[in-house]
Amino acid sequence: MPDFDVIVVGAGPAGSCAALTIARTGKSVALIERGPFPGSKNMYGGVVYPRILDALIPEWWNEMPVQRWVTRRSTMLLTDTQSLSIDFRSDAWGDAPYNGATAFRPDFDNWLANKAVEAGATLVCSTTVTGLITNANGAVIGIHTDRPDGDLTASVVIACDGVNSFLAKEHGMYPHTDAAHFTLGVKETITLSKDIIDERFAVRGNQGVDIEILGGTSGVNGGGFIYTNLDSLSVGVVLKLPKLAAQSKRPEEIIAGLKSHSAIAPLVEGGTVSEYSAHLIPEAGLKMMPTLLDDGLLVAGDAAAMCLAAGIWLEGVNFAMASGMYAAQAACEAIEKGNTSAKGLSLYKKLLEDTFVLRDHRKLRRAPQLVLSDRVQHMYPALITSVVQGMFHVNNPLPKPGLRKILKDERRRLGIRTIDLAKDAITGFRSFG
Amino acid sequence: MTPIIGVCVKWIGSQPTSGHEADARFAQFSASDQAALEVSLQRAEQQSARVRVVSVAPIAARSHLVALCASGAHELVHIAAEGQSSSAHVAHELAQHLRDCASVWCGDYSLDRGSGSVPAFLASTLGAQQALGIVGISATNNNSLDLLRRLDAGRREIVRVMEPFIISVEGSMATLRRASLASTLRPTANIIEASLAEPSTLSLGDFSPFRPRPRTVKAPAGETALDRIKAATSANSPQKHSEIVTLAPEDAAQYIVERLTEWGYLS
Ligand SMILES: Cc1cc2nc3c(=O)[nH]c(=O)nc-3n(C[C@H](O)[C@H](O)[C@H](O)COP(=O)(O)OP(=O)(O)OC[C@H]3O[C@@H](n4cnc5c(N)ncnc54)[C@H](O)[C@@H]3O)c2cc1C
């Protein structure tokens, strides 16, 4: 008899949703977390889109620890001296059933893990899983931990141990890893009073803002973000690893550069940096996804590279929660049928394929590469902002130039070939269209 | 009867990064409290004794206390109390659960930098000997221990305590062993729930820290700045800076009081 029906490794959003789903069926589940409490080790930009929680926690918005509800989304293009913003606001996002919210991970993850505990899961904190136990046939039958007498057995293990999953790697599920598949996310939490944030970001009450930024990363391919919390801002950059390594600026200097941009400085002015954090992001989507299951083992969330990083979208928490929930459903079905082999667990793949998790990844499979390409990163922001500047610049006594002429001149000046522009436009249309 | 070793620990809920209220998630026990538990566990192994952890702490501390006890304590007495209580009151409540212990081990500081007076009140309530700032055990005899005690300026002294005793240890004395996975999953410590009684009406009077009154010192004399500094620091004075006096304890105490009075620290 194994110690538990299922062991879930990692109490992030994927792990807690997995444990909650299993506990609700009455099966025994251990949720093992290396941090002193769920969320203590975790960081992200700051916006969660919890629609998927409708299936697990009805009216979650009444209890979820939220900083602000996102009612404004901006996409900003930055060059050294210019900025262009597309700004959208929806009052509907400020009311139930809501859309996205800023939340702190120590609050959000802890809340979600407690839901699993209330449902009957056994949460074990301050315990690091150091390896998988396999039987003679190579099937996973448990885990080793760093505690004395620290082995535990289960019918199924779900690895939700986040990006760069040692468990998935140890089990050979990532046959090829490449630094180019990862970005480094770094973030400053900047304390500012609620009144100042409301005024600077034109919001009221618990309305919040999500600004995604292309450019402003000191020439390193990546992007930036600013999210409003109740009385602080999350300001950060996401940097492509090989490009970061190939130059000499440190990540905190790159954030400092972003904060000093004329479009950003007035937003953060007078704030105090109260926290600095950094974390890897599995950025390459479908291209880097590991084998998702094996005998006795399922991999979910960032451990399975399910974070969607596609320019205007940086969504990982919802993908993690969904994949954790689907992994749990597959594990429960397999246990009930008495077959926890890869075949018995195959419902997991089907659920992922049938839902947004793999559908969005398939549709957007070219997006991460396109968004992080040199042309999108360095040439197009300059092209677009220069065209807009050309349109609004009054150069009397010369007459206003036509849009086509400005575009042609700027394209030539920046050395962008028509063929590349056309290729990228097609890729962009296929992904986002 | 199996001997029982008592351990007193103080749970401190700390400030979260984002909010404004004390938060149980960030709570800890001081390194010296953890060392006290480890030393007790080691002594319990040698003496086939049981270890009883006693704490006056809020309800929110329960899971942390249970996790602490998973290292090997046999009993946990959780005296539930919200808010602040005086050291004398806390010691009085702890003492109710430590009367059958020949030795009680405490940490010599808490994370909230409390007054450190609970062990003293405890010793007084239990009529036990007390030693503070212990960094090691140098000898174990039948009912007594020779303890290495830290003094100022890197000095050490050895003190002998006879049972019953209350010892406060420094964090450097031991590192608490890691609880096994089995005891973390299925805590075995026997939990005794208690609640804080009303403080007794007996007043111990007002306490305040002793701060010597400021003294007016004449400006140093001297032609040059160097001379004035020498005068201010008595660098060239033939005055004795230290003396070694060998006296009986009562005479030594009397001598110290006289010197302190002479130097203006006591009136
Ligand atoms: C800078 C940055 C910005 C981001 N911004 C956003 C955003 O705004 N919105 C969004 O939706 N997503 C965002 N993401 C992505 C998002 O954070 C992740 O996709 C999401 O957290 C994945 O959840 P998870 O449960 O799979 O993994 P994690 O959240 O990483 O959780 C893994 C858990 O496993 C634990 N663990 C790891 N190894 C072990 C072990 N060996 N033993 C025991 N426990 C272990 C960890 O302590 C952790 O609690 C961002 C990420 C970064 C880095």
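Colleague: In this predicted model, where is Ala202(A) found, and what is the value of its phi, given that the residue is not a glycine?

Modeller: Ala202(A) belongs to the loop between helix H4 (194-200) and strand E12 (207-214) of chain A. Its relative accessibility is 39%, and because the partly exposed class lies between 20% and 50%, Ala202(A) counts as partly exposed. Although Ala202(A) is a residue other than glycine, its phi is positive, near 55 degrees.

Colleague: Is Arg113(B), which also has a positive phi, buried or exposed?

Modeller: Arg113(B) is not a glycine, yet its phi is positive at about 50 degrees. The residue sits in the loop between E6 and helix H4 (118-126) of chain B. With a relative accessibility of 65%, Arg113(B) counts as exposed.

Colleague: Which residue does a cis peptide bond join to Ala96(A)?

Modeller: The bond in question has an omega of about 5 degrees. The residue that Ala96(A) is joined to is found in the loop between strand E5 (83-89) and strand E6 (100-102) of chain A, and that residue is Pro97(A).

Colleague: What is omega for the peptide bond from Asn396(A) to Pro397(A)?

Modeller: Pro397(A) has its place in the loop between H12 and helix H13 (403-414) of chain A. The peptide bond that leads to Pro397(A) from Asn396(A) is cis, and its omega is near 10 degrees.

Colleague: Which residues make the nonpolar surface patch of about 350 Å²?

Modeller: One of them is Phe392(A), which lies in helix H12 (residues 374-392) of chain A. Phe392(A) has a relative accessible area of 67% and is therefore exposed, the cut-off being over 50%. The patch as a whole is made by Met391(A), Phe392(A) and Leu403(A).

Colleague: In chain B, which strands stand at the edges of the open sheet?

Modeller: The sheet is built from 9 strands with mixed pairing, in the order E9-E8-E7-E10-E6-E1-E4-E5-E11. A strand at the edge has a single partner strand, so one side of it is left without a neighbour in the sheet, and this applies to strand E9 (156-162) and strand E11 (190-195) of chain B. From one strand to the next, the twist averages 35 degrees.

Colleague: Why is E6(B) described as largely enclosed by the rest of the structure?

Modeller: Strand E6 (residues 101-107) of chain B is joined by 5 bridges to strand E10 (residues 165-169) of chain B, the two running parallel, and 5 bridges also join E1(B) to E6(B), again in parallel. Within these pairings, Trp105(B) stands opposite Ile167(B) in E10(B), Gly107(B) has Val169(B) as its bridge partner, and Cys8(B) stands opposite Cys106(B). The strand is largely enclosed because, of the 7 residues of E6(B), the number that are buried is 6.

Colleague: At about what angle does helix H1 (residues 31-47) of chain B run to E1(B)?

Modeller: Helix H1 of chain B lies across several strands, including strand E1 (4-8), strand E4 (50-57) and strand E7 (129-140). Helix H2 (residues 62-69) of chain B, for its part, lies across E4, strand E5 (75-80) and E11, running at about 160 degrees to E5(B). For helix H1 of chain B, the angle to E1(B) is about 175 degrees.

Colleague: How far apart are the closest N and O atoms in the salt bridge of Glu118(A) with Lys115(A)?

Modeller: The two residues are 3 residues apart in helix H2 (residues 105-118) of chain A, and are thus separated by about one helical turn. Glu118(A) counts as exposed at 63% relative accessibility, whereas Lys115(A) is buried at 14%. The distance between their closest N and O atoms is 3.7 Å.

Colleague: Which residue forms a salt bridge with Asp354(A)?

Modeller: Its partner lies 4 residues away in helix H9 (residues 347-354) of chain A, a separation of about one helical turn. Asp354(A) counts as partly exposed at 40% relative accessibility, and the partner counts as partly exposed at 49%. The closest N and O atoms are 2.7 Å apart, and the partner is Lys350(A).

Colleague: How many salt bridges does a search of the whole structure find?

Modeller: Among them is the one in which Arg259(B) and Glu262(B) meet at 2.9 Å, N to O, in helix H7 (residues 249-262) of chain B. Salt bridges that share partners also join Arg375(A), Arg417(A), Asp420(A), Lys423(A) and Asp424(A) into one network. Over all chains, the number found is 34.

Key. Residues are numbered from 1 along each chain as its sequence is written. Chains are lettered from A and ligands numbered from 1 in the order in which they are written. This is a predicted model: local features need pLDDT of at least 70, side-chain atom pairs count only at pLDDT 80 or more; totals for chains, interfaces and linings use all residues. Side-chain values use heavy atoms; hydrogens and water are left out. Two strands pair if DSSP finds at least two bridges between them. Axes are lines fitted to C-alpha atoms, for helices over the stretch in contact, and angles run from 0 to 180 degrees between N-to-C directions. Contact means heavy atoms within 4.5 Å. Patches are made of residues with over 30% relative accessible area and no salt bridge: like charges are joined within 9 Å, nonpolar side chains (Val, Leu, Ile, Met, Phe, Trp, Tyr) within 5 Å. Accessible areas come from the Shrake-Rupley method with a 1.4 Å probe; for residues, only the protein chains shown count as cover. A salt bridge is a side-chain nitrogen of Lys or Arg within 4 Å of a carboxyl oxygen of Asp or Glu. Buried means under 20% relative accessible area, exposed over 50%, partly exposed in between (1.4 Å probe, protein chains only).
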